[in-house]
Amino acid sequence: MKDGGFGRRGGKLFLSFILFPLSLLIAACAAPEPVAEVVPTNTVAVLAPADTATPFPTQGVPATLTPIPTITPSPTHTPTPTSTFTPTPSPTPTKTACEQRIPPQDELLVIVSQEFGLSRAYEPDNLVPIGSHFSREITLGYPTMVREEVLDPLVNMVNDMLGAGLQPYIISGYRSYATQEATYNKWLNLEPDRVDILSARPGHSEHQLGTTVDFGSYRLHDYIDDSFDEKLQFHTYFYKTPEGDWLQNNAHLYGFTLSYPRSAQEVTGFYYEPWHFRYVGVGNATALLEAGTSLTEYLLNQDPEPCYN
Ligand SMILES: [Zn+2]
């Protein structure tokens, strides 16, 4: 078959040499019919010497197409990076701006941090004064309030501390947005360089939730040097006092968790606050303690962007 095919072509080649000059002539005279099928084979004869040529494709594929450039992968055909196909996290409609955030009233696990705050308008609807449940030594005469569900656990815990011979007092409970504004401004005047690790900005304090309590110890000054201002009630050495030590080890049994442990400073954005406890329920507080994590760390793992700023 090959030979026969080649032979036929050879015949045509020979003929084309004869006809080629004639075809130009004819074309110039505008008499088209006989030349059309002969002209292309002339080109093949010049480009493909018979011995070295790859066998002629018999199906009419022109010899000049035999190189196969498509074998070499070209960079433009490499798979495009998958990142372009990664689903982009679209803003979830349920998320609100942090400054307008008003969490459900019965929710205990709400993240409030330096980054994620609460609306100025947020106020718990079941705040109760604690004054009638404690002596003046405990409340210092302040009109402190907490959410209703926090009251019994708080009373039980403080009574058990007193029963154990400890000398705690309560520095603060619920603080409104406006009160926090005043607190922040006070620290801004006292420690302008460190204000943002010492105090939460308004809207960014867990005290606004009504579930958080700061404790003091009548023995704090036994653990710090005399240069410390007597009027200041907070000092990191609170953890060294019997009251601070007891709270670290037992508060979870009443549903309170230490919000700003020393180990979580980078995550919470707050300096270590061994006096600041938040009520989250016994199960949650115990789980956090056993996991060695803070509530803020835990909640950020669940939902890294609880609201947007
Ligand atoms: Zn506090």
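**Glutamine 233.** I began with glutamine 233, which the predicted model places in the loop between β4 (212-217) and α7 (242-250). Helices (H or I, at least four residues) and strands (E, at least two) are taken as DSSP runs, numbered from the N terminus. I looked up its burial: glutamine 233 is partly exposed because it has 17 C-beta neighbours inside 10 Å. On this scale a residue is buried with 20 or more other C-beta atoms within 10 Å of its own, exposed with 12 or fewer, and partly exposed in between, the C-beta atoms being placed from the backbone. Apart from residues up to four places away in sequence, glutamine 233 touches Ile171 and Gly216; a contact requires C-beta atoms, placed from the backbone, within 7 Å. I also noted histidine 221, 12 residues from glutamine 233 along the chain, with 9.4 Å between the two C-alpha atoms.

**Numbering and confidence.** Residues are numbered from 1 along each chain as its sequence is written. As the model is predicted, local features need pLDDT of at least 70 and side-chain atom pairs count only at pLDDT 80 or more, while totals for chains, interfaces and linings use all residues. pLDDT is the predictor's confidence in each residue, from 0 to 100. I recorded a chain average of 77, with 69% of the residues scoring at least 70. Residues 1-76 stay under 50 in pLDDT, and the model has 27 contacts for them beyond four places in sequence. Residues 78-85 are also below 50, with 1 contact beyond near neighbours in sequence. Where pLDDT is low, the predicted coordinates should not be read in detail.

**β3 and β4.** I next examined β3 (168-172), in which 4 of 5 residues are buried. β3 pairs with β4 in the antiparallel sense over 4 bridges; pairing requires that DSSP find at least two bridges between the strands. Serine 172 has aspartate 214, in β4, as its bridge partner.

**α4.** I then followed α4 (148-163), a helix of 16 residues. Its first and last C-alpha atoms are 23 Å apart, close to the 22 Å expected at 1.5 Å a residue; the expected span is 1.5 Å times one less than the number of residues. Val150, Leu154, Met157, Val158 and Met161 are its buried residues. Seen down the axis, they fall within an arc of 95°, so they line one face of the helix; the arc is that of the directions from the helix axis to the C-beta atoms. The face turned away from the buried side carries the exposed residues Asp152 and Gly163. Just after α4, glycine 165 takes a positive phi of about 85°.

**Nonpolar cores.** I asked which residues of the largest nonpolar core touch the most other members. Of its 31 residues, they are Val146, Leu154, Met157, Ala251, Phe256 and Phe277. Such a core is a set of buried Ala, Val, Leu, Ile, Met, Phe, Trp, Tyr and Cys residues joined through C-beta atoms within 7 Å. α4 gives the most to this core, with 5 residues. Outside its neighbours within four places in sequence, alanine 251 contacts Met157, Phe256, Leu258 and Phe277. A second, separate core has 9 residues, including Val112, Phe116, Leu118 and Tyr122.

**Leucine 140.** I closed with leucine 140, in the loop between α3 (136-139) and β2. Leucine 140 has a positive phi of about 60° although it is not a glycine. It is partly exposed because 14 other C-beta atoms lie within 10 Å.

Definitions and conventions:
Two residues are in contact if their C-beta atoms, placed from the backbone, lie within 7 Å.
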